[in-house]
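Thanks for coming. I will talk through one structure today, starting from a single contact and working outwards.

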Amino acid sequence: MSGELLLGPEGSDPLVSVIVPVFNAAAVLERAAASVLAQDMPDWELLLIDDGSVDASAEVIERLAARDPRIRGLTQGRNSGAAAARNAGLGAARGRYIAFLDADDAWLPQKLRLQLAYMQGQGAALSYTGFWRMTGAGQFRVRVPTRVDRAELLRHNVIGCLTAIYDRSALGSVPMPDFTRSHDYALWLDILSRCDFAAGLDEPLALYFRSKGSLTSSRLKSLAGTWEVYRVHQKLSRRASAGNLAGHVFGRYRKRP
C-alpha cells in the first residue's frame with residue numbers, strides 16, 4: 001500500500017469525522033456503530049444524527065454515546081431527510097476528513113486505515129473503495145476503478161456513499177445538495193468540479209446490506225433520482241441527460257449478481 005497514514009497529534013481534533021444519518025434504525029444502528037468502534041485506526045469521531053425517528057433510535061444513540069466519548073448524538077427534531085441530516089453532521093464535525101456511513105451498513109476493521117493511507121499516497125481529495133453487497137442469497141463483491149473524473153462519473157456513479165471520504169483541508173466543507181434521492185451522487189459531482197479526480201481503492205472494505213422490499217421499485221426510484229441530478233442539479237439538456245443515464249444503467253446493471 002503506497003503512502004503512510006498521517007495522524008493528528010494526541011489531544012487534537014479527530015482526524016476523521018464519520019457522519020451517520022439515523023431514521024428509525026434502532027434495529028441496525030448498533031451494528032454500524034460497532035463497525036466504527038472496531039476500526040484499527042482510532043483517530044475518529046462518530047456523529048449519529050437522529051432525523052426525527054419514532055422508534056427507539058434516540059435511546060440507542062444515547063446508549064452508544066455514553067459508551068465512548070468519540071461518539072456524539074445530534075437530533076434534527078423532525079424528519080428532514082438524509083441530506084439535511086448529513087449536513088447537520090457536517091456542521092458539527094471537527095475532523096479533517098469527512099466519511100459517510102448509513103445506519104444499516106457497516107465497515108470492515110481496516111477500512112479507515114487502508115483508505116486514508118491510500119488517499120494520502122495518491123494525493124487525492126476524494127476517495128472511495130470497493131464493498132460487499134449483502135443479499136439474502138449471499139454476498140457479491142462490487143469492484144471499483146482506481147480513478148474517476150467528473151466526466152466519467154456523469155456516465156456512471158462508481159462511488160458508494162458508505163465508502164466515500166473527502167478531505168476538508170483541500171476542499172473545505174462541501175454540503176450534500178438537498179435532494180430526496182441521489183444527493184450523494186450530486187455531492188461527488190460537486191467535489192469533482194473542485195478537483196481533478198477521485199481515487200478508488202479496489203478492496204472490499206464495507207458491507208452494504210440491501211434492504212427488503214421491492215427491488216424494481218428501488219431501482220426505478222434510484223434512476224429517477226439520477227435523472228433529477230442531471231436535469232436540476234447539473235442543468236444538463238434532455239439529450240445529454242438521457243445519454244448519461246443510458247451509460248449509468250449499463251454500467252450499473254452489468255455488474256449485478
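Which backbone oxygen lies 2.8 Å from a polar atom of the side chain of Gln115? The backbone oxygen of Thr163 does. Before going further, please keep in mind that this is a predicted model.

Let me stay with Gln115 for a minute. Gln115 sits in helix H4. With a relative accessible area of 1%, Gln115 is buried, because the cut-off for buried is under 20%. Its side chain also makes a polar contact with the side chain of Ser127, at 2.9 Å. So what else does Gln115 touch, if we do not count residues up to four places away in sequence? The list is Ser127, Tyr128, Thr129, Thr163, Ala164, Ile165 and Leu201.

Now the helix around that residue. H4 has 12 residues and spans 16 Å from its first C-alpha to its last, close to the 16 Å expected at 1.5 Å a residue. Is H4 mostly covered or mostly exposed? Mostly covered: nine of its 12 residues are buried. Those buried residues are Lys111, Leu112, Leu114, Gln115, Leu116, Ala117, Tyr118, Met119 and Gln120. After H4 comes Gly123, which has a positive phi, near 65°.

There is another positive phi to mention, this time in a residue other than glycine: Asn24, with phi near 50°. Asn24 is in the loop between S1 and H1. At 33% relative accessibility, Asn24 counts as partly exposed.

Next, the overall picture. The protein has nine helices and 10 strands. Of its 257 residues, 49% are buried. Taking contacts with a separation of 6 or more, 80% are between residues 24 or more positions apart.

That brings us to the cores. In soluble globular proteins, nonpolar side chains tend to be buried together. Here the largest nonpolar core has 38 residues, and the members that touch the most other members are Val16, Val18, Val20, Leu29, Leu46 and Leu48. Which elements give two or more residues to this core? They are strand S1 (16–22), helix H1 (29–37), strand S2 (44–50), helix H2 (57–67), strand S4 (97–100), helix H4 (111–122) and strand S10 (198–209). The largest share, five residues, comes from H4, the helix we have just been through.

For one member in detail, take Leu46. Leaving aside neighbours within four places in sequence, Leu46 is in contact with Val18, Val20, Ala33, Val36, Arg70, Ile71 and Arg72.

There is also a second, separate core, of 37 residues. Among its members are Phe100, Met176, Tyr185 and Trp188. Tyr185 and Trp188 are also on the list of buried residues of helix H7, together with His183, Asp184, Ala186, Leu187, Leu189 and Ile191. Why do we call H7 largely enclosed by the rest of the structure? Because eight of the nine residues of H7, residues 183–191, are buried.

Moving along the chain, the loop between H7 and S10 holds Cys195. Cys195 has a relative accessible area of 16%, so it is buried. Not counting residues up to four places away in sequence, Cys195 touches Ala125 and Leu171. The C-alpha atoms of Cys195 and Asp149 are 8.6 Å apart, although the two residues are 46 residues apart along the chain. Cys161 is buried as well, at 7% relative accessibility. How many disulfides does the structure hold? Zero.

Ala125 comes up again with an acidic residue, Asp167. Asp167 is in strand S9, residues 165–167. Is Asp167 buried or exposed? At 5% relative accessibility, Asp167 counts as buried. Its contacts, leaving aside neighbours within four places in sequence, are Arg96, Tyr97, Met119, Ala125 and Gly172. Met119 in that list is one of the buried residues of H4.

Last, a strand pair. Strand S6, residues 126–135, and strand S7, residues 138–142, run antiparallel and are joined by five bridges. How many residues does the hairpin from S6 to S7 pass through? Two. Thr135 stands opposite Gly138 in S7.

That is the tour. I am happy to go back to any part of it.

Notes:
Residues are numbered from 1 along each chain as its sequence is written. This is a predicted model: local features need pLDDT of at least 70, side-chain atom pairs count only at pLDDT 80 or more; totals for chains, interfaces and linings use all residues. Side-chain values use heavy atoms; hydrogens and water are left out. A nonpolar core is a set of buried Ala, Val, Leu, Ile, Met, Phe, Trp, Tyr and Cys residues joined through side-chain atoms within 4.5 Å. Buried means under 20% relative accessible area, exposed over 50%, partly exposed in between (1.4 Å probe, protein chains only). Helices (H or I, at least four residues) and strands (E, at least two) are DSSP runs, numbered from the N terminus. Contact means heavy atoms within 4.5 Å. A disulfide is a pair of cysteine sulfur atoms within 2.5 Å. Two strands pair if DSSP finds at least two bridges between them. The expected span of a helix is 1.5 Å times one less than its number of residues. A polar contact is a pair of N or O atoms within 3.5 Å; within protein, one must be able to donate a hydrogen and the other to accept it, and residues adjacent in sequence count only if both atoms are side-chain atoms.
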